[in-house]
Amino acid sequence: MLREIIQRIKYWRQEDRISPENPLGHWRLYFRSSMIKLCQKKFKHFGAGAEFRPHAYASGCSNISIGARVVVRPNSIFFANSFDEYNGKGSITIEDDVLLGPSIQIFTNKHIFSNPNLSIIDQGMEEPKDVVIKKGSWVGAGVIIVPGVTIGNNTVIGAGSVVTKDIPDHTLAVGAPARVIRDLKNSGNQM
């Protein structure tokens, strides 16, 4: 038992993620100074004024960039690939001043399921694709973003949407799958 505890502690110290499953690191999210230090160490980039709140989860931190004044809220899940795993492919980039609601899910790869005679768990994963959320956007609560998506500058993604393709700058997109319903540049922000 002692050997298992020692191995687990070593694993927690070197793992490329921040999660509630790691008590050595997770408690640090409750205190601003230790949260900043942890995030600057783990993430590829962690901008000024950014926050990573308790009960958020990030895997592949070495390939996740979080911009200035971005707050990652509770129950959000970011699955990037570790930087070394696929030569940097499968990154998540959240640019400056992006508003994120709680419970957002971002994925950079997905399971292969093309062989009906083989369990999905045995079919592996597709090659990862980058996800980018550009400056000044707002991603509502419970949004799911799939691999290879770019969300444009100053774009709004409505709560509960599933983003399966690129969304252009200055638009409002909603639904599952998300589709553009308004050009924000010409119509303002009135609903």
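# A walk through the core, the sheet and two buried loop residues

In this predicted model, the largest nonpolar core has 36 residues, and the members that touch the most others are Phe 43, Phe 52, Phe 78 and Ile 145. Several elements give two or more residues to this core, namely helix 3 (32–42), strand 5 (64–66), strand 8 (92–94) and strand 11 (131–133). Of these contributions, the largest share comes from helix 3, which supplies 3 residues.

Phe 78 offers a convenient place to look at the core in detail. When its neighbours within four places in sequence are left aside, Phe 78 is in contact with Tyr 57, Ala 58, Ser 59, Ile 64, Val 72, Ile 92, Ile 94, Leu 100, Ile 104 and Ile 106.

The next step is the sheet. It is an open sheet formed by 5 strands, and reading across it gives the order 2-5-8-11-14, with parallel pairing. At its edges lie strand 2 (45–46) and strand 14 (150–151), each of which pairs on one side only. At one of these edges, strand 2 is joined to strand 5 in the parallel sense over 2 bridges, and Phe 46 has Ile 66, in strand 5, as its bridge partner.

Two loop residues complete the tour, beginning with Ala 80, which lies in the loop between strand 7 (77–79) and strand 8. Ala 80 counts as buried because its relative accessible area is 9%, and the cut-off for buried is under 20%. Not counting residues up to four places away in sequence, Ala 80 touches Ser 59, Gly 60, Asn 63, Ile 64, Gly 90, Ile 92 and Thr 108. By contrast with these contacts, the C-alpha atom of Ala 80 is separated by 29 Å from that of Ile 181, a residue 101 residues apart from Ala 80 along the chain.

The other loop residue is Gln 123, found in the loop between strand 10 (105–107) and strand 11. Gln 123 also has a place among the buried residues, because its relative accessibility is 13%. Its side chain has polar atoms that lie 2.8 Å from the backbone oxygen of Asn 115 and 2.8 Å from the backbone oxygen of Leu 118. Asn 115 and Leu 118 appear again in the list of residues in contact with Gln 123, which, leaving aside neighbours within four places in sequence, consists of Ile 112, Phe 113, Ser 114, Asn 115 and Leu 118.

Notes: Residues are numbered from 1 along each chain as its sequence is written. This is a predicted model: local features need pLDDT of at least 70, side-chain atom pairs count only at pLDDT 80 or more; totals for chains, interfaces and linings use all residues. Side-chain values use heavy atoms; hydrogens and water are left out. A nonpolar core is a set of buried Ala, Val, Leu, Ile, Met, Phe, Trp, Tyr and Cys residues joined through side-chain atoms within 4.5 Å. Buried means under 20% relative accessible area, exposed over 50%, partly exposed in between (1.4 Å probe, protein chains only). Helices (H or I, at least four residues) and strands (E, at least two) are DSSP runs, numbered from the N terminus. Contact means heavy atoms within 4.5 Å. Two strands pair if DSSP finds at least two bridges between them. A polar contact is a pair of N or O atoms within 3.5 Å; within protein, one must be able to donate a hydrogen and the other to accept it, and residues adjacent in sequence count only if both atoms are side-chain atoms.
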